[in-house]
Amino acid sequence: MISLIDTTKQAACDAAMRNMFAARKEVFVDLLGWDVPVLDGRFELDHLDNEHARYLILADSSHAHLGSARLLPTTRPHLLDHLFPELCAGPVPRGPATYEITRFCLDRSLAAPRRREVRNRLVTALVEFALANGIRTYTGVAELPWLRQILEFGWDATQLGEPLPTDGRLLGAIRIDITTGTEARLRATGIWLPTAQMASTAAQPAHA
């Protein structure tokens, strides 16, 4: 069974959060070679993993990590305005109804079919979360291959500027507008895949 842990609503569950930070280290540091902080040699987290961050985590019944994403309010420092403003041809989108998607992470242990399922469920959860919480726009920064995938999901997504080389990677910024019509657009491309059950718990990020 796949459950969705929404840290805006649920009480503390250190296991799910610790597993998420460990999975982030395996993906972003061990696999992709990012130069980002690692805590105790096991957990990837940075200064933006604070009380303002929100997390959506897909986990199994034992809280094993399947997929996750971090959401940052753009009314506070976030990656696009803090580190990558040059990726925007115009002003960096920001405001109370705009959140930045970061650390979109699919567990390395997943086989290809399961990985695709978890990806689709996580994308769907992001849309459902936005509609339930008055979020009208998501922004994000991604490497070019992943950026192209995001643009092809079917939702209303546009690049904010031309991709630029950064630390050996070609990065681009994206804007995703969420409306009541987003579900139909994602259904048309086969992406829409809700998760039936909400999990019972989640934790504060500082406890990793």
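# A guided tour from Leu106 to the nonpolar cores

Begin by selecting Leu106, which is placed in strand 6 (residues 98-106). The model on display is predicted. Leu106 counts as buried because its relative accessibility is 9%, under the 20% limit for that class. Next, show the residues around Leu106 that lie beyond four places away in sequence: its contacts there are Val27, Leu66, Gly67, Arg115, Val118, Arg119 and Leu122. Add His65 to the selection as well; its C-alpha atom is 8.4 Å from that of Leu106, although 41 residues separate the two along the chain.

**The whole chain**

Zoom out and colour the chain by secondary structure. Five helices and eleven strands are present. Of the 208 residues in the chain, 51% are buried. Among contacts with a separation of 6 or more, 71% join residues 24 or more positions apart. If a surface is displayed, its accessible area is about 9700 Å², and carbon and sulfur atoms contribute 51% of that area.

**The charged network**

Side chains of opposite charge can pair when their charged atoms come close. The chain holds 13 salt bridges, and three of them are visited here in turn.

Select Arg24 and Asp49 first. Their side chains form a salt bridge with an N to O distance of 2.8 Å. Arg24 belongs to helix 1 (residues 14-31), whereas Asp49 sits in the loop between strand 3 (43-44) and strand 4 (54-59); the pair thus links distant parts of the chain, 25 residues apart. Both residues are buried.

Move next to Asp46 and Arg70, a salt bridge whose closest N and O atoms are 2.9 Å apart. Because Asp46 is in the loop between strand 3 and strand 4 and Arg70 is in strand 5 (residues 65-73), this pair ties together parts that are 24 residues apart in sequence. Asp46 counts as buried at 14% relative accessibility, and Arg70 is buried with a relative accessible area of 0%.

Keep Asp46 selected and add Arg103. The side chains of Arg103 and Asp46 also meet in a salt bridge, at 3.2 Å from N to O. Arg103 lies in strand 6 and Asp46 in the loop between strand 3 and strand 4, so this bridge ties together parts 57 residues apart in sequence. Arg103 and Asp46 are both buried. To see the wider arrangement, select Arg24, Glu44, Asp46, Asp49, Arg70 and Arg103 together: salt bridges with shared partners join these residues into one network.

**The nonpolar cores**

In soluble globular proteins, nonpolar side chains tend to be buried together. Select Phe104, Leu126, Tyr138, Trp155 and Leu186, which touch the most other members of the largest nonpolar core, a set of 33 residues. At least two residues of this core come from each of strand 4, strand 5, strand 6, helix 3 (112-132), strand 7 (137-143), helix 4 (144-151) and strand 10 (169-177). Helix 3 gives the largest share, eight residues.

Centre the view on Leu186. Neighbours within four places in sequence aside, Leu186 is in contact with Val123, Val127, Phe153, Gly154, Trp155, Ile191 and Trp192. Finish the tour at another core, which lies apart from the largest one and has 14 residues, including Ile5, Ala16, Met17 and Leu72.

Notes. Residues are numbered from 1 along each chain as its sequence is written. This is a predicted model: local features need pLDDT of at least 70, side-chain atom pairs count only at pLDDT 80 or more; totals for chains, interfaces and linings use all residues. Side-chain values use heavy atoms; hydrogens and water are left out. Helices (H or I, at least four residues) and strands (E, at least two) are DSSP runs, numbered from the N terminus. Buried means under 20% relative accessible area, exposed over 50%, partly exposed in between (1.4 Å probe, protein chains only). Contact means heavy atoms within 4.5 Å. Accessible areas come from the Shrake-Rupley method with a 1.4 Å probe; for residues, only the protein chains shown count as cover. A salt bridge is a side-chain nitrogen of Lys or Arg within 4 Å of a carboxyl oxygen of Asp or Glu. A nonpolar core is a set of buried Ala, Val, Leu, Ile, Met, Phe, Trp, Tyr and Cys residues joined through side-chain atoms within 4.5 Å.
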